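Here is a friendly briefing to read alongside the sequence and the 3D view. Have both open, and go through the topics in whatever order suits you.

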Amino acid sequence: MHPFDKKDGRHYNVRRINQWFALSSLLLLGAVLWVVVADHDREWKRYQRVFQELERTTLNAPPADAAAGSAEPQSEDPWEDGFWTEASSEAEPAGSPATMDAEAAPAENHARWSRRLANLLRDLPLLDFAAPTRTLDQIVVYDLPQDMNFAQAPRVDRCTTCHQGILRPEFVNAPQPFTTHPNLDLFLSSTSPHPLEQFGCTGCHGGRGRGTDFVSAAHTPADAAQEALWRTRYRWHPLEHEPGKMLPSPFAQASCFSCHSDRQDLPGAETLNQGLELIERAGCYGCHPLPARFEDLGTPGPSLRHLAAKTTPDWVRQWLDDPHAIRPGTWMPQFFGVAGERSAESEAEIEIITRYLFQRSAAGQREPLPLSGDAVRGRELLQTVGCLGCHIGPGEDLYDELSAPAYQRRQGPELAGLPEKTTAAWVFHWLKNPRAHDAGAKMPDLRLTDQEAADLVAHLMQPGTKTIKTRNPGSIAAALALVAPEYLGTSPGRSPGPQLAAMPLEEQIDLVGARLLRHYGCAGCHEIAGVEDALRIGAELTEVGGKSPHDLDFGPVDDIPHATYAWLMRKVHAPRAFQRAGAVAPQQRLRMPHYRFSDEELEAVTTALLGFVDGHVTQKLHEELGDGEQRIAAGRKLVRAHNCRGCHVMEATGGAIRPTIVGWLAASGDQAGDAHAIAGSFSPPNLIGEGKKVHAAWLFDYLGAPAPIRPWLKVRMPTYALTVAERNALIAYFSALDNEEFPFVAEADAIDSGPFHEAGKKLFSVDYFDCGNCHIEGDKFPSGSPDRWAPDFALSARRLKPDWVRAWLYNPQPLLPGTKMPTYFDPQYFDESGPDDILDGDEHQQIEALTNYFFTLGTGPAEVTSEPQAVPAPAEPEKTEKEDQ
Amino acid sequence: MKKPPRIFRAAIIVMAAIPAALPSYAGTITGTITFEGTPPPMKPLDMSEDAVCAGKHQQPPLDETLVLGDGQTMGNVFVRVISGLPDKEFPVPDEPVELTQEGCIFSPRVFGIRAGQPLDILNPDDTLHNVHTFAKENEAFNIAMPKFRTKMTKVFDKAEDMFPIKCDVHPWMVAYCVVMDHPFFDVTAKDGTYTLEGLEPGTYEIEARHERMKPQTATVTIEGDETKTADFTFSR
């Protein structure tokens with residue numbers, strides 16, 4: 001018997017226990033080895049290994065080939081099997097020593113090889129505890145804390161562990177995850193406004209910063225195709241319980257808003273800007289409480305208090321049924337038949353709402369059209385006077401365009417289909433004074449004469465192709481009987497029938513109609529008598545971007561990812577998609593109407609919504625605007641509200657009207673061939689450098705009562721009903737844009753006698769610069785047609801700042817590219833450009849003399865409004881307007 | 001495309017500077033350009049707003065948008081080779097192209113100039129002109145030419161398609177300029193003929209372009225020292 005088998009009073013078998021010991025120690029050894037191997041082969045270490053090789057080849061490659069060399073992997077996509085393919089990882093190191101041998105000195109080469117060997121040793125399994133070259137990189141961000149079970153913990157981002165090239169411009173063409181971050185001047189680099197150490201990664205991109213592999217970092221695919229790819233390539237699956245999933249790349253700009261919400265637009269974040277603009281234009285704030293920038297915008301839709309004076313019940317019925325059928329570009333959304341629920345009930349609701357609106361709005365006195373107009377002249381006026389800065393004219397089709405100019409031209413309704421909607425007399429009176437009809441009208445006053453208004457009416461009221469169906473409205477009593485129980489009854493069993501039936505019909509319509517209007521939130525966008533006190537009906541969206549998908553009702557929808565972004569996008573695209581089948585009562589039904597956004601617009605709106613997050617996370621990094629920036633932001637809000645960019649180029653964008661001016665020039669006779677070239681001269685002025693150019697006090701007056709400055713322009717600055725505060729905000733905005741002091745102005749000290757004055761006068765004269773050839777001087781007018789006249793000196797002296805005038809005389813082209821004002825002092829031959837017989841031929845002195853003389857011209861009484869009557873030419877529309885007002 | 005090393009560039013310049021070293025070719029393309037249809041009447045220009053301009057003409061001059069000769073041959077049509085030329089640089093002449101504003105009319109109305117070739121702009125009129133170019137590739141300029149400045153010289157650096165040059169003081173004044181990077185272009189006179197000379201054998205695409213009408217192209221193959229004809233017909 002083997003000694004081990006002896007029991008010797010023990011209760012256990014020694015042999016057996018030794019076997020167990022042996023087995024478990026083997027298992028333990030195996031586990032230890034497994035730990036070592038698994039640790040050595042962690043996903044991020046594999047990425048780092050590949051990156052080290054990539055780094056060697058990229059850095060060793062000769063500079064000229066660097067771009068080509070690093071571009072190569074991108075085209076081949078080395079990540080085909082989820083990891084760097086053998087061929088690409090081995091080919092590169094094999095190739096690189098050869099180039100090194102050829103170029104490097106032997107000593108340097110030797111050092112490089114020994115460094116490689118040392119690095120190899122440092123990363124060997126079991127030795128790598130000491131000082132490995134491959135380490136976990138992490139950034140601790142204190143300024144953007146994370147909510148961890150109600151505690152505010154610093155954010156820890158380990159993204160750079162794999163995204164190794166993120167800060168290094170030479171990896172711009174490297175494959176992911178090594179690609180350089182776009183725009184390092186703006187992001188991540190230590191000199192940028194968003195340094196990596198301060199902002200980390202997940203503060204903007206979302207995701208699980210502590211994750212160290214592809215799945216645990218909570219990457220989110222951008223679309224279904226990418227998801228399918230990731231599932232096979234990275235064994236990706238959504239992290240169900242991770243609240244902070246990464247934002248898919250198309251929505252990355254959402255995060256900009258969380259810190260920059262005080263700005264009105266953010267250069268570079270074009271998708272976000274577009275989304276914010278769409279939310280504003282579509283009037284989402286009519287129903288939903290939104291972040292502060294959407295406050296004080298007024299109602300998005302027109303007042304319906306005078307609806308009966310404007311249109312017919314038939315038109316309103318069809319409009320309510322499908323507004324896009326009447327006007328493809330309208331911002332009015334579709335309420336009925338959105339999820340295919342066209343039914344007798346919708347018809348009944350439309351009928352009651354229509355009846356209510358007409359019953360509650362004043363027909364007013366339908367004044368007749370005072371005079372008849374000429375449609376041909378009306379057409380020209382439409383093209384020239386400025387209507388097309390805010391409206392799409394009859395016959396134009398811009399609806400598929402998503403550019404900012406196309407939106408600007410959709411500020412007002414398209415002008416096709418007016419005869420079907422309203423009467424000539426109504427259009428006439430609206431054109432003459434929009435605010436008499438609707439005190440809150442956005443439409444400004446174009447100061448049209450009666451004849452001009454009548455001409456425009458004649459053109460706009462030419463019968464179009466659209467027809468409004470005369471629908472059989474059905475019996476209103478039947479409609480009420482169908483709808484009333486749902487909106488008045490509290491439970492299905494109790495019907496309000498008997499009491500309702502006892503009321504006069506008008507009161508019934510009033511009661512049920514008001515309920516319907518409140519239900520659909522109509523008063524959010526329109527001023528409607530009887531429901532002025534209605535509250536906004538939509539959910540608050542101020543923090544919607546931070547919502548967990550578990551707080552959102554996906555209803556029957558199961559074809560989208562279970563993520564907030566996907567929910568929002570579907571909601572905006574098909575607002576009633578999440579309707580559950582059993583919801584029958586009005587209160588159970590979803591009410592959001594359909595806006596028909598394009599795919600690009602959906603993405604933009606979703607991006608903006610995702611940016612609406614709880615502000616306390618970003619509190620420390622939230623951008624506080626300085627005085628000047630606050631003024632700029634306030635000005636931009638007004639500029640957008642009044643659609644100034646529909647006509648003017650401001651801050652390098654805008655001028656939506658310009659293509660229509662080109663079209664008009666091309667179609668009209670003499671200058672057709674050069675329409676593109678000369679359109680600038682006939683377009684509303686660029687407002688580039690306006691703050692530097694004009695006196696704030698002058699601009700303040702001008703905004704209150706505009707009068708023509710450029711007699712050759714047919715396009716007319718309309719009179720906006722701007723409040724004093726708004727005018728102040730606008731002049732402050734222009735000053736802030738140009739870093740001008742505000743409201744202080746430098747007045748010119750003009751010398752009005754003596755040789756210096758005489759020199760200026762001589763330069764002005766017909767023998768030298770002949771300024772009066774184009775410019776009006778008080779009551780002296782240039783010869784020829786007003787098309788080629790230039791601004792009045794007497795007026796301009798009051799309007800312009802001395803420094804600007806001086807710069808303008810040196811060279812007007814950079815201040816206003818394309819201006820008709822020629823350069824007198826050719827910068828190329830500056831010293832020979834002036835006449836030799838004045839002020840000793842000193843060009844600088846000549847410019848000073850001209851500037852001085854210019855300001856002596858403005859000393860007379862130069863009232864802003866005094867000039868137009870004095871102009872004798874009858875062809876100019878501006879001249880006659882005063883007589884009519 | 002990568003630029004050739006500096007030494008090669010220098011060599012190219014040196015070679016380009018020695019025309020004698022280059023073989024000369026005698027391939028020629030010629031043709032006549034005619035207008036088909038009823039020409040619109042050309043209105044006389046109304047110069048009444050500037051007495052100096054009006055005083056320079058016995059009777060009001062006609063608008064030169066469409067200049068027709070006998071048999072409706074078209075003047076002021078710009079003809080040039082647009083493709084098929086060998087990839088080399090052609091020497092730029094030093095002598096300037098002259099553009100005068102005599103009598104408040106730009107003359108020539110349509111002209112070609114080589115990139116880098118000086119353009120002398122003259123103001124022999126005793127009145128204020130301004131020369132406003134609407135170039136897109138080259139820097140556009142708008143320089144006043146008051147009475148005392150009778151001449152200025154400008155250079156266009158880059159080849160550019162046809163662009164207008166206008167005077168804002170006299171709205172009827174317009175010229176059309178094409179900046180070329182090779183010498184194979186011509187402008188038709190009233191007789192409608194053009195000639196492109198010195199072409200080496202090859203297949204060329206040529207374009208005829210009028211300021212208002214849609215440009216037309218033709219393909220011509222030259223084999224040796226021969227003269228080929230390519231006529232164009234424009235219509236409204």
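In helix α18 of chain A, residues 424–432, the buried residues are Ala425(A), Trp426(A), Val427(A), Phe428(A), Trp430(A) and Leu431(A). The cover over these buried residues of α18(A) includes α11 (307–310), α17 (418–421), α19 (434–437) and α20 (450–460), which belong to chain A. Please keep in mind that this is a predicted model.

**A second helix to look at in chain A**

- Helix α24 of chain A spans residues 564–573, and 7 of its 10 residues are buried, so the rest of the structure largely encloses this helix.
- The buried residues of α24(A) are Thr564(A), Tyr565(A), Ala566(A), Trp567(A), Leu568(A), Lys571(A) and Val572(A).
- Their packing partner is α25 (599–610) of chain A.
- As a reminder for reading such patterns, an α-helix has 3.6 residues a turn, so residues three or four places apart point the same way.

**Chain A as a whole**

- Chain A holds 39 helices and 6 strands.
- Of its 885 residues, 48% are buried.
- Among contacts in chain A with a separation of 6 or more, 65% are between residues 24 or more positions apart.
- The surface that chain A exposes is about 42,700 Å², and 57% of that is supplied by carbon and sulfur atoms.

**Chain B as a whole**

- Chain B has 2 helices and 16 strands.
- Does its radius of gyration agree or disagree with that of a compact globule? For 236 residues, a compact globule would have a radius of gyration near 18 Å, and the 20 Å of chain B agrees with this.
- Along the principal axes, the C-alpha atoms of chain B fill a box of roughly 55 × 45 × 30 Å.
- Buried residues account for 47% of the 236 residues in chain B.
- If you take the contacts in chain B between residues at least 6 apart in sequence, 64% of them join residues at least 24 apart.
- The accessible surface of chain B is about 11,700 Å², with 52% belonging to carbon and sulfur atoms.
- Chain B carries 23 positive and 34 negative charges, and the mean positions of these two sets lie 7 Å apart.

**Where the chains meet**

- How many residues of each chain take part in the contact between chain B and chain A? On the chain B side there are 24 residues, in contact with 32 residues of chain A.
- About 2,200 Å² is buried between chain B and chain A, and carbon and sulfur atoms give 50% of this area.
- Within chain B, the residues that lose the most area to chain A are Glu49(B), Asn142(B) and Phe148(B), which together make up 23% of what that side buries.

**Backbone details worth a check**

- Most residues other than glycine have a negative phi, and most peptide bonds are trans.
- In chain A, the peptide bond from Gln176(A) to Pro177(A) is cis, with omega near 5°. Pro177(A) sits in the loop between β2 (151–157) and β3 (187–188) of chain A.
- In chain B, the peptide bond from Ser107(B) to Pro108(B) is cis too, with omega near -5°. Pro108(B) belongs to the loop between β3 (97–100) and β4 (110–114) of chain B.
- Asp770(A) is not a glycine, yet has a positive phi of about 55°. This residue is in the loop between α32 (754–764) and α33 (793–799) of chain A.
- Asp840(A), likewise a residue other than glycine, has a positive phi near 55°. Its place is the loop between α36 (830–833) and α37 (843–856) of chain A.
- Which of these aspartates is buried and which is exposed? Asp770(A) is buried because its relative accessible area, 9%, is under the 20% cut-off. Asp840(A) is exposed because its relative accessible area, 77%, is over 50%.

**A close look at Val187(B)**

- Val187(B) lies in strand β11 of chain B, residues 185–187.
- This valine is partly exposed because its relative accessible area of 23% falls between the 20% and 50% cut-offs.
- Setting aside neighbours within four places in sequence, Val187(B) is in contact with Asn76(B), Val77(B), Phe78(B), Val110(B), Phe111(B) and Gly112(B).
- Val187(B) and Pro93(B) are 94 residues apart along the chain, and 18 Å separates their C-alpha atoms.

Methods:
Residues are numbered from 1 along each chain as its sequence is written. Chains are lettered from A and ligands numbered from 1 in the order in which they are written. This is a predicted model: local features need pLDDT of at least 70, side-chain atom pairs count only at pLDDT 80 or more; totals for chains, interfaces and linings use all residues. Side-chain values use heavy atoms; hydrogens and water are left out. Helices (H or I, at least four residues) and strands (E, at least two) are DSSP runs, numbered from the N terminus. The radius of gyration is taken over C-alpha atoms; the globule rule is 2.2 Å times the number of residues to the power 0.38. Buried means under 20% relative accessible area, exposed over 50%, partly exposed in between (1.4 Å probe, protein chains only). Contact means heavy atoms within 4.5 Å. Accessible areas come from the Shrake-Rupley method with a 1.4 Å probe; for residues, only the protein chains shown count as cover. Lys and Arg count as positive and Asp and Glu as negative; His and the chain ends are not counted. The place of a charge is taken as NZ of Lys, CZ of Arg, CG of Asp or CD of Glu. Buried area is the accessible area (1.4 Å probe) that two parts lose on being put together, summed over both.
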